[in-house]
Amino acid sequence: MAPPHPPTTIAELRGLINTHPIIDNHAHNLLRDVDSTSSPLESIVSEASGLALSDATRTLAHARAVTQLSGLLGCAPTWEAIKDKRRTIDYEAWAKKCLSGTQCLLIDDGLDGEGVHPYDWHDRYASSPSKRLVRVETLAEQTLREFAPEFQEDESNNSREAELFNRWSERFSGLINAAVQDPVVAGFKSIICYRSGLDIAGETTGGLLLEAVKNALRGSRRDGGRYKIRDKILGDFLVCEVARIIAKSGSWKPFQFHTGLGDNDLNIRKANPAYLQDFIKENPDVPIVLLHSSYPFTREAGYLASVYKNVYLDIGEVFPMISKDGQKSVVKQCLECTPSNKLLWSTDGHWFPEGFALANMQIREVLGEVLPKCVAKGQLTVPQAAGFVKDLLFENSNKLYRLNLIPIFASTIDLVDHSPPINQGTQMLSEFLHKNPHVKYFRLQWVDYTNTLRLRLVTLAQMNKMVSKGTFLTVTKAVLSLLQDDSPTDDFTPAGRYNLVPDWSSLRICPGEPGLLEKPSKYASVMCFFRDNEEEVDTCPRTILSRAVRRAKEEHKVDFLIGWETEVVFLNKTDLEAASKTHAWSTSRSLHNRCLTALEQIVDALEASGIEVLLFHPESAPSQYEIVTGPLPPLESIDALYHTRETIMRICSYHNLRATLHPKPFKGAAGTAAHMHVSMAPPTESLQNAFFAGVLSHLGSLAALTLPQAASYERLGDSCWTGGTWIAWGEENRETPLRRVSKGEAHWEIRCIDGLANAYLAATGIISAGCMGMLDGMKLPGESCNSDPSKMTSRERNGLGITRQLPDGLGKAMDLLRADKKLRSRIGEACVAKYIILKKAETAALEANGPSVRAWIMDRY
């Protein structure tokens, strides 16, 4: 397989993540007896043993392993089915598949004796020869067994005992020196963490050391091959002696240390790598590798790697030992301060091929989620992220262990499909239910062209059945040709149906029941795509947005993040008057009422569902509040927006309140908007200027999507912080519809949008207009407008390129959209045509309501 070209897009980055060969810098031998029952298969996802191991099957890590291994084996997703199936398959072919993508293994062969294959036997599964890691304690115990028969208790002959100690010490040192010179030995490994802890003393008096060796010889003579060195004085001596020999040799052979999680044979407190700091300082010429992510002390290990030249951090073993969220957290913690050239990859695979497979699959999966988000946030460029992948999986180990290998690209295990979320529900649903075992009902949701959230509900049993069989609920094709009260539009058709396909990345827990909000909820929600059999539907709002984002990446290699300011007014249910009588922007007094309890419960519910709440506060209009949520990629962001709104509406109803997004609920007060924050990556000045110049040039047409009802234009006005009526942009200017928040982060706010807009269609329009600006190389007109355009003279406005105003009503906005052929084409003609038909019918229906339109809107939004 040829190496991929250097990635320039996130799709290509994910391709590199899934195909780059791996140097596994710390692994163990496979069992000779493939059907051994003395070593339970459950050990691949747990450090527990004995009776405690039975609990391992109740973890998220185990649930994920079941899903992935059953997929590899082609069997039912149960642990019993996996164990049955692996007994019937060709072991050699299975092991080769599990280790595919591994170019070189560095094997600590001191874990077991005759029960495992020798290190070089594993060469059959890798494209480059394996190397040894010499386990210090195992080698020392072997030498003790050699000298134990000579040891005799003779308190009157100290010289004989000292002579025996010197011979043993010389023998041990000689073996270490030989290993240092052996090209097959890549490095050394210590498990002193298990035996006496990482608080290693640098110096010990000869008398105490001699007594420690005598005790060890007694133990070895008594216990034979079962003897383990646990004496702190002796253990510290061994580690310091190995470090001394490595430094003296100038070989720069790494010294690995077990740190962090392990079985119950260690003292987890003394497994913190912070205890190694003095040892690190005393041995600057010895490269020290902190194994196993030092979990749960990853940050401490990352700090040590960042401040000491000779310290490296291995991020193995947590794959597959902890949950996916935990693994992502480990990778993010490593990125906090650890230099990327100090991070190493290992599986810590042992005994079973499955451990290697799961670890390698899961690191690729997690990198495929974490790194693209770093790129989207502007924290990394695609080439920088690609360099991180190459360094972590291959180059850092290649340099540190002086392997001198050239990457050989071969087939890899890749069950991870990061692209569309179609038919990818089994694993995510399984993990979700493990976290939320009380869920009994699922809301399968979509948003129509009137911005109405609609849904179907199914039971847990039915959901499991659909996912396992790959079947879907269906809805009539008329689903996007209905007004809010189900009146049909002119393009209504009674024939045909769409599949309602869940996007499992949007799966969230819903708030609990009235009076039971502190208890786990029975409901979960998931947003859905429409599919015509397996084909995308050209009028599906989520599909339209997905296409716009994908096309922007293909044409311009840009990614977007979107965040939302959700403004909402709390009303009494009975009279639709403001619930808070004394209210002003950001005043403490505005929270001295029952609205605060509702707000607290709303924020708690949002955070419980995985939505980041940046802040919340009182806004200007009576009983108006704002909740600001964190940035996400466009589709995820809008899914989270609708979950946020539904959570607000539902919890308010528990408090006998009606929450409304009406753009102008009170004539004499500020309006209610839904400000969209957009940032770009890469955040170059030329790209963002061209993008937002495109948005600005089409802002009149976009108003048909962002300000979609007559009530939307009641909010617009000059000199009242609505964004104004003049089409302009400004640096931190809230009287312009486009506000640049940060040039360095390419962060802009779009202020001419409200809560009546279908956010998927609005975002599609904005991204489409911006992309046309980049295609045409447009430039922002004039300089930043730093004052209120409505208070400027015509000459002043003209000097800044401010020559147009937003339409003053929906009719004019729709006319502009009809006339904007380029924007219609870019969004999709079928989508825009359907939208125009629906808006015509909706406008007629609203005009027929006359004075009651305000209440009609509040009932629905």
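1. Lys214 counts as buried in this predicted model, at 12% relative accessibility. Lys214 forms a salt bridge with Glu211, with 3.5 Å between the closest N and O atoms. The partner, Glu211, is partly exposed, its relative accessible area being 34%. Both residues belong to helix H8 (residues 206–223), where they are 3 residues apart, about one turn of the helix.

2. The bridge just described belongs to a total of 49 salt bridges found in a search of the whole structure. A further example joins the side chains of Arg740 and Glu731, with an N to O distance of 2.8 Å. Arg740 is buried, at a relative accessible area of 5%, whereas Glu731 is partly exposed at 30%.

3. A salt bridge also links the side chains of Lys812 and Asp808, at 3.4 Å from N to O. Here Lys812 counts as partly exposed, with 49% relative accessibility. Asp808 is exposed, its relative accessible area being 56%.

4. Some of the charged residues are connected in a network. Arg64, Lys324, Lys328, Glu365 and Glu369 are linked by salt bridges in this way. Lys328 is placed in helix H13 (residues 324–337) and counts as buried, at 15% relative accessibility. With residues up to four places away in sequence left out, Lys328 touches Val366, Glu369 and Val370. The C-alpha atoms of Lys328 and Val370 are separated by 6.8 Å, although the two residues are 42 residues apart along the chain.

5. Which residues touch the most other members of the largest nonpolar core? They are Phe442, Leu444, Met463, Phe530, Met676, Met680 and Phe692, in a core of 94 residues. Helix H24 (residues 759–775) supplies the largest share of this core, 11 residues. The core lies between domain 3 (424–537) and domain 4 (566–631 + 648–777 + 805–860), because both domains give residues to it. In soluble globular proteins, nonpolar side chains tend to be buried together.

6. The surroundings of one core member, Leu444, can be listed. Not counting residues up to four places away in sequence, Leu444 touches Arg454, Leu455, Arg456, Val458, Met463, Met466, Leu473, Leu500, Pro502, Val526 and Cys528. Apart from the largest core lies another core, of 86 residues, which includes Val242, Phe255, Ala386 and Val389.

7. Leu473, one of the residues touched by Leu444, is also part of strand S11 (residues 473–476). The covered face of S11 holds Leu473 and Val475, and the uncovered face holds Thr474 and Thr476. In a regular strand the side chains alternate between the two faces of the sheet. S11 pairs with strand S12 (residues 497–502) in the antiparallel sense, over 4 bridges. In this pairing Val475 stands opposite Tyr498 of S12.

8. A separate topic is the open sheet of 8 strands. Its order is S1-S2-S3-S4-S5-S6-S7-S8, and the pairing is parallel. Which strands form its edges? They are strand S1 (22–27) and strand S8 (343–344), each of which pairs on one side only. Within the sheet, strand S5 (residues 255–257) and strand S6 (residues 288–290) run parallel and are joined by 3 bridges. Phe255 stands opposite Ile288 in S6, and Phe255 is also among the members of the 86-residue core.

9. How many disulfides does the model contain? The count comes to 0, where a disulfide requires a pair of cysteine sulfur atoms within 2.5 Å. For Cys240 the closest cysteine sulfur, in Cys193, is 16 Å away, which is too far for a bond. The sulfur of Cys334 is 9.0 Å from its closest cysteine sulfur, in Cys337, and this is likewise too far for a bond. Cys240 counts as buried at 18% relative accessibility, and Cys334 is buried with a relative accessible area of 3%.

Notes
Residues numbered from 1 in each chain as written. Predicted model: local features only at pLDDT ≥ 70, side-chain atom pairs only at ≥ 80, totals over all residues. Heavy atoms only, no water. Core = buried A, V, L, I, M, F, W, Y, C linked by side-chain atoms within 4.5 Å. Buried < 20%, exposed > 50% of the residue type's maximum accessible area, 1.4 Å probe, protein only. Helix = DSSP H or I, 4+ residues; strand = E, 2+ residues; numbered from the N terminus. Domains from an automatic or database assignment. Contact = heavy atoms within 4.5 Å. Salt bridge = Lys/Arg side-chain N within 4 Å of Asp/Glu carboxyl O. Pairing = 2+ DSSP bridges.
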